Amino acid sequence: MRASGILLPISSLPSRYGIGCFSKSAYEFVDQLEKAGQRYWQILPLGPTSYGDSPYQSFSTFAGNPYFISLEDLIEEGVLTKEECDAADFGDDPGSVDYGKLYEARFPLLRKAYERSNISQDAGFQKFMEENGYWVTDYAVFMAVKGLFGGKSWDNWPEDIRKRWSCSIDYYRRELYFDIEFYEYIQYVFLKQWNRLKNYANSKGIQIIGDIPIYVAFDSADTWANPRLFQLDEENMPVAVAGCPPDGFAADGQLWGNPLYRWDYHKNTGFAWWMSRLSYCFKLYDVVRIDHFRGFDEYFSIPFGDKTAHNGHWEKGPGMELFWKMKECLGEKAVIAEDLGYVTDSVRQLVRDTGFPGMKVLEFAFDSRDTGSANDYLPHNYPVNSVVYTGTHDNETLAGWFAGIMPEERRMVRNYLNNVRDSAEEIYWDMICTAMGSVSKLCVIPMQDYFGYDNTCRMNQPSTLGKNWKWRMKEGELTEELINKIRNITAWYGRLY
């Protein structure tokens, strides 16, 4: 069945307290999706962010971002007051997230809510801990100890807690009891609010597409609590880290710095950690987009300590063994394989073998270095089992991209679209229609592209810091007129729910 959806991160929703969250605006956006005839809402990873504010570098692959907790809901519960929330300084730009102010203002409010909650007597909290203790306890201890040591990465902690000596774990659990319970409380509230929002979306016929990074951050509860899962030495420091090789876009390659998996260990344990991780993701989301899918076929290994990716090399990943185990343990699940970038024949074969739809990005179709009609990203070459995007969170907006490409590439676009007009607005609508009209079973359009916004509204520019993950949709920007236009286009191309 043909369908379509919109890509809008939770952080980009309108809200009155500095960042998009699970507040009334989130429910209103679900209603707008329904009116626009959409069946999918794609978001970015929900995890708590660390330095750089990237949702792809999280303190935990299981935990939720405290920033997404609705303060309005806590006011209704009586654990915060409207006056307290209104007095906090979250910044004064409703179109951008000020992460510095958010960090300073949000946690004191959440701490007040915890202290007034009497959470230890809450039966729902006790059930949450019973069901999620396998990850939430390690996360809460990790965050409490990190706070004690001024936010330092865990590899800079004293040896006893860095290496998780049992006597040390017991000591910190006693000494930091209330700090630990605070982080457990945050996760309980997060999950309760998220489940309520997801259930509402599902009741409106909207499915949530979540996003799971292939790697976890080094400075995370996952790495600290489970060092055997990763390529670490006897001091629990990385032997090699993840990244991408040098190419035409990055002369030094990309040095991500994430620890690499010990795939032999994972195989010997029946991929137990991965099954736990994926199982939890399918509780959070209806569809899971797995980022950097090619890393399951081959992954790029860079010696730890190198400043560039020049000395890296390719290693074999787990391949189909992981996905056979996933099917055996979890059954048939809805997955999108992020198979972008340099894709080899073996990666293509892995995607085919899994049966997962891959991704097609329309902006990639018009590269003057590849003028052949066999370009995989040209819509006439798409397979039905694919998901088409005009662009992703890592790309320029459509309008920004078209304004910045070379004249030869603009001619390629116009020729392909049979568009001889000069209006950039017409071009981005024509490209949206081209994506909608493709044979791909699912079409997902970033919200910024429906607005026709330029690159000042870009979500992320890879390998840069300080300007990413900030864009927010303002209250009232998604008008009834635009909703009706989206619905009409969706209907024209047979994607209406």
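How much space lies in the largest cavity? The answer is about 210 Å³, and we will come back to that cavity once the surroundings are familiar. Please keep in mind as we go that this is a predicted model.

Let us begin with the whole protein. Its secondary structure comes to 18 helices and twelve strands. The radius of gyration is 23 Å, close to the 23 Å that the globule rule gives for 497 residues, so the protein is as compact as a globular protein of that length. Taken along the principal axes, the C-alpha atoms fill a box of roughly 70 × 55 × 40 Å. Of the 497 residues, 56% count as buried. If you look at contacts with a separation of 6 or more, residues 24 or more positions apart account for 73% of them.

Now step inside. The largest nonpolar core has 163 residues, and the members that touch the most others are F29, W41, L74, W194, W274, F296 and M447. W274 is a good one to centre your view on. Setting aside residues up to four places away in sequence, W274 touches I212, I214, Y261, W263, H266, F296 and L322. One of these partners, F296, is itself on the list of core members that touch the most others.

From here we can return to the largest cavity. A total of 23 residues line it, and P45, G47, S60, T61 and P213 lie nearest its centre. Two elements, β3 (207–212) and α11 (272–284), each supply at least two residues of this lining. Helix α11 has the largest share, with three residues. By class, the lining of the largest cavity divides into 15 nonpolar, five polar and three charged residues. In the whole model, the count comes to four cavities of 30 Å³ or more.

Next, turn to an open space. The second largest pocket holds about 680 Å³. Its lining has 29 residues, and those closest to its centre are F59, Y103, F107, M143 and Y183. Three helices give two or more residues to this lining: α4 (99–117), α5 (123–148) and α8 (177–203). The most comes from α4, with seven residues. Sorted by class, the lining of the second largest pocket has 16 nonpolar, seven polar and six charged residues.

Helix α8 deserves a second look, and I180 is a handy place to stop, as it sits in that helix. Is I180 buried or exposed? With 7% relative accessibility, I180 counts as buried, because the cut-off is under 20%. Leaving aside neighbours within four places in sequence, I180 is in contact with A140, V141, A144, Y172 and R173. The C-alpha atoms of I180 and A144 are separated by 5.5 Å, although the two residues are 36 apart along the chain.

Our last stop is helix α15 (residues 407–417), whose buried residues are E409, M412, V413, R414 and L417. It helps to recall that an α-helix has 3.6 residues a turn, so residues three or four places apart point the same way. E408 also lies in α15, but at 40% relative accessibility it counts as partly exposed. From E408 to D367 is 9.1 Å, C-alpha to C-alpha, and the pair is 41 residues apart in sequence. Just after α15, N418 takes a positive phi of about 55 degrees.

Definitions and conventions:
Residues are numbered from 1 along each chain as its sequence is written. This is a predicted model: local features need pLDDT of at least 70, side-chain atom pairs count only at pLDDT 80 or more; totals for chains, interfaces and linings use all residues. Side-chain values use heavy atoms; hydrogens and water are left out. A nonpolar core is a set of buried Ala, Val, Leu, Ile, Met, Phe, Trp, Tyr and Cys residues joined through side-chain atoms within 4.5 Å. Buried means under 20% relative accessible area, exposed over 50%, partly exposed in between (1.4 Å probe, protein chains only). Contact means heavy atoms within 4.5 Å. On a 1 Å grid over the protein atoms alone, a cavity is a set of points where a 1.4 Å probe fits but cannot get out, and a pocket is an open set with protein on both sides within 12 Å along at least five of seven lines; lining residues have an atom within 4 Å of a point. Grid points are joined across faces, edges and corners, and a volume is the space filled by probe spheres set on the points. Helices (H or I, at least four residues) and strands (E, at least two) are DSSP runs, numbered from the N terminus. Ala, Val, Leu, Ile, Met, Phe, Trp, Tyr, Cys and Pro count as nonpolar, Asp, Glu, Lys and Arg as charged, and the others, Gly among them, as polar. The radius of gyration is taken over C-alpha atoms; the globule rule is 2.2 Å times the number of residues to the power 0.38.
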